[in-house]
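Dear colleague,

I am writing to hand over a structure for your study. Please find it below, followed by an account of what was found in it.

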2 protein chains.
Amino acid sequence: MRAQRDGARGVPDATVARLPVYLRVLTGLGERGVATVSSEELALAAGVGSATLRKDLSHLGSYGVRGVGYEVARLVQHVGRCLGLAEEWRVVIVGIGSLGRALANYSGFAPLGTRVVALLDSDPAVVGERVAGLEVLPSARTAEVVGELGVRIAVLAVPASAAQAACDAVVAAGITSVLSFAPVELQVPAGVELRSVDLSTELGILAFRERRRAAAAGELSPGLVAAEERVTTSAGATR
Amino acid sequence: MRAQRDGARGVPDATVARLPVYLRVLTGLGERGVATVSSEELALAAGVGSATLRKDLSHLGSYGVRGVGYEVARLVQHVGRCLGLAEEWRVVIVGIGSLGRALANYSGFAPLGTRVVALLDSDPAVVGERVAGLEVLPSARTAEVVGELGVRIAVLAVPASAAQAACDAVVAAGITSVLSFAPVELQVPAGVELRSVDLSTELGILAFRERRRAAAAGELSPGLVAAEERVTTSAGATR
DNA sequence: TCATGTGAACCAATTCACAGCA
DNA sequence: TGCTGTGAATTGGTTCACATGA
């Protein structure tokens, strides 16, 4: 089930996930007038190892100069093109609650070639409102919006209870890339790319690590430490 | 840089990242009155393979019954305890713009043992306002808020330009877990756990895959396809 | 007779270490 | 000289397949 053909001659998943980060760092360097950058410097700024960075960039072709480094402007161009920045990826936001509004007003994704072109909501009280310069349309018009505006990506900012239905609706309309903020595991047909961002999951992960730290520092009650012991199995935790 | 001692005898990072998902699915099953569940069913609902699920749970100890499956209530308890759900992890949100407000009003993380207890902002026009039942306090009081309220996790919802300073401030106040929504790479000292959620990165990843699909379908202009060829080198890509 | 729990095999990704080239 | 680009080694994680035990 795992992407075999990607491995064959494509770009590894892990690399793709880092490209937007590189692009952002490179853009920042360019704006500050930096002309060339070494893999060491760029890696530090991006929070990865220099070997990883060089290998990542090598997947996109050789764009550096040995003994010198990478020309920032050239690399920005190239990475940007690989990420599809030359085209405009149209996005629809489904669910115009407080999160949906925040996302609609978020200006940060224009640099990555995506643009919000439509807003949908199922609540008649919200439909018709103007948010971030766009009129909120009823969910019933999903297929029409997706088809006529050439939308390629759907962002779901609906409550957990409505997420699967909203997801099914955009998929039925032909969407093949979905980014969900709802705290549920969505089921999508094969061929649809689903990414999920979930605040409670992120906080849960942080809590797990904090808990480790607390256990190592002896801050937990005895009963809980016993439970923790089952988890760590060995003594020497971080301290 | 990477967590070596965790790897030594702890729970693998990849497993930790899935535990909140399992917990959510299990909680849902419990609420629907399901008493026992097999690894096959649970894995399907969580969107992972059954072998992965069994191995993940085995890291927490054996809590299943051979030939039968897992008792939902018992497993919810156990996974919850591992994630630190028995305690309350206090959270401060820094930056009360539209995203910060949405996060403050988000009810979905209570089930994972975290609770927002303070809101901070540097803008005098926002300080003093009440959001989600809490008064917005000035950033200058960061150290005081973190120390006196026992805050363990900071959520940064500030603009990119202010993120590093905000991060430095909470770290200086003693915070060791940071969840950032700002589109910049933050630098933190060793020992501080940083997670970053970035909308534009997520959309960039989706755009990359969409671009692949478009290239495979011959939808791109000739010049762009040439660039794409450099990247993919082979034809068929599934995911 | 089941489905769990787990060694072994496999695969992807990171890291090392150095060859190759401006 | 110095830094990129890349085979080789290593690490971490997933998947397989079956022994284990209710």
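Why can strand β4 (residues 89–94) of chain B be described as largely enclosed by the rest of the structure? Of the 6 residues in this strand, 5 are buried, and therefore the strand is largely enclosed. Please keep in mind throughout that this is a predicted model.

**Strand β4 of chain B and its partners**

Two strands of chain B pair with β4(B). Strand β5 (residues 114–121) of chain B runs parallel to β4(B) and is joined to it by 6 bridges. Within that pairing, Trp89(B) stands opposite Thr114(B). Strand β8 (residues 153–156) of chain B also runs parallel to β4(B), with 4 bridges between them. Here Val94(B) has Leu156(B) as its bridge partner.

**A small sheet in chain A**

Chain A contains an open sheet of 3 strands in the order β1-β3-β2, paired in antiparallel fashion. The strands β1 (36–37) and β2 (64–65) of chain A stand at the edges; each has a single partner strand, so one side of each is left without a neighbour in the sheet. The partner of β1(A) is β3 (residues 69–71) of chain A, to which 2 bridges join it in an antiparallel arrangement. In this pair, Val37(A) lies opposite Tyr70(A).

**Helix α2 of chain B**

Does the length of helix α2(B) agree or disagree with what its residue count predicts? The helix covers residues 13–31, and at 1.5 Å a residue its 19 residues should span 27 Å; the C-alpha atoms at its ends are 28 Å apart, which agrees. The helix nevertheless has a kink of about 30° at Leu19(B), shortly before the proline Pro20(B). Both Leu19(B) and Pro20(B) are among the buried residues of the helix, which also include Thr15(B), Val16(B), Tyr22(B) and Leu29(B). As a general point, an α-helix has 3.6 residues a turn, so residues three or four places apart point the same way. The buried residues of α2(B) pack against elements of both chains: α9 (199–216) of chain A, and β1 (36–37), α3 (39–46), α4 (50–59) and α5 (72–82) of chain B. After the helix comes Gly33(B), which has a positive phi, near 85°.

**A buried glutamate between the chains**

Is Glu210(B) buried or exposed? This residue belongs to helix α9 (residues 199–216) of chain B, and because its relative accessibility is 0%, Glu210(B) counts as buried. Its side chain makes a polar contact of 2.8 Å with the side chain of Ser177(A). Apart from neighbours within four places in sequence, Glu210(B) is in contact with Trp89(A), Arg152(A), Ile153(A), Thr176(A) and Ser177(A).

**DNA strand C**

There are 24 residues around DNA strand C, and those that come nearest are Arg18(A), Ser39(B), Arg54(B), Gly64(B) and Tyr70(B). Among the atoms of this strand within 4 Å of the protein, 62% belong to sugar or phosphate, while the rest belong to bases. Three examples illustrate how the protein approaches the strand:

- An N or O atom in the side chain of Arg18(A) is 2.6 Å from a phosphate oxygen.
- A polar side-chain atom of Lys55(A) is 3.3 Å from a base oxygen.
- A polar backbone atom of Gly67(B) is 3.3 Å from a sugar or linking oxygen.

The elements giving two or more residues to the surface near DNA strand C are α2 (13–31) and α4 (50–59) of chain A, with α4, β2 (64–65) and β3 (69–71) of chain B. The largest share, 4 residues, comes from α4(A).

**DNA strand D**

Which residues are closest to DNA strand D? Of the 25 residues that surround it, the closest are Ser39(A), Arg54(A), Tyr70(A), Arg18(B) and Arg66(B). Sugar or phosphate accounts for 57% of the strand's atoms within 4 Å of the protein, and bases for the rest.

Contacts with the bases involve both chains. A polar side-chain atom of Arg54(A) lies 2.8 Å from a base nitrogen. An N or O atom in the side chain of Lys55(A) is 3.2 Å from a base oxygen, and a polar side-chain atom of Lys55(B) lies 3.3 Å from a base oxygen. Two or more residues each are given to the surface near DNA strand D by α4, β2 and β3 of chain A and by α2 and α4 of chain B. The element that gives the most is α4(B), with 4 residues.

Yours sincerely

Methods:
Residues numbered from 1 in each chain as written. Chains lettered and ligands numbered in written order. Predicted model: local features only at pLDDT ≥ 70, side-chain atom pairs only at ≥ 80, totals over all residues. Heavy atoms only, no water. Expected span 1.5 Å × (residues − 1). Bend = angle between axes of the 7 residues up to and from the residue. Buried < 20%, exposed > 50% of the residue type's maximum accessible area, 1.4 Å probe, protein only. Contact = heavy atoms within 4.5 Å. Pairing = 2+ DSSP bridges. Near = heavy atom within 4 Å. Polar contact = N/O pair within 3.5 Å; in protein donor to acceptor, adjacent residues only side chain to side chain.
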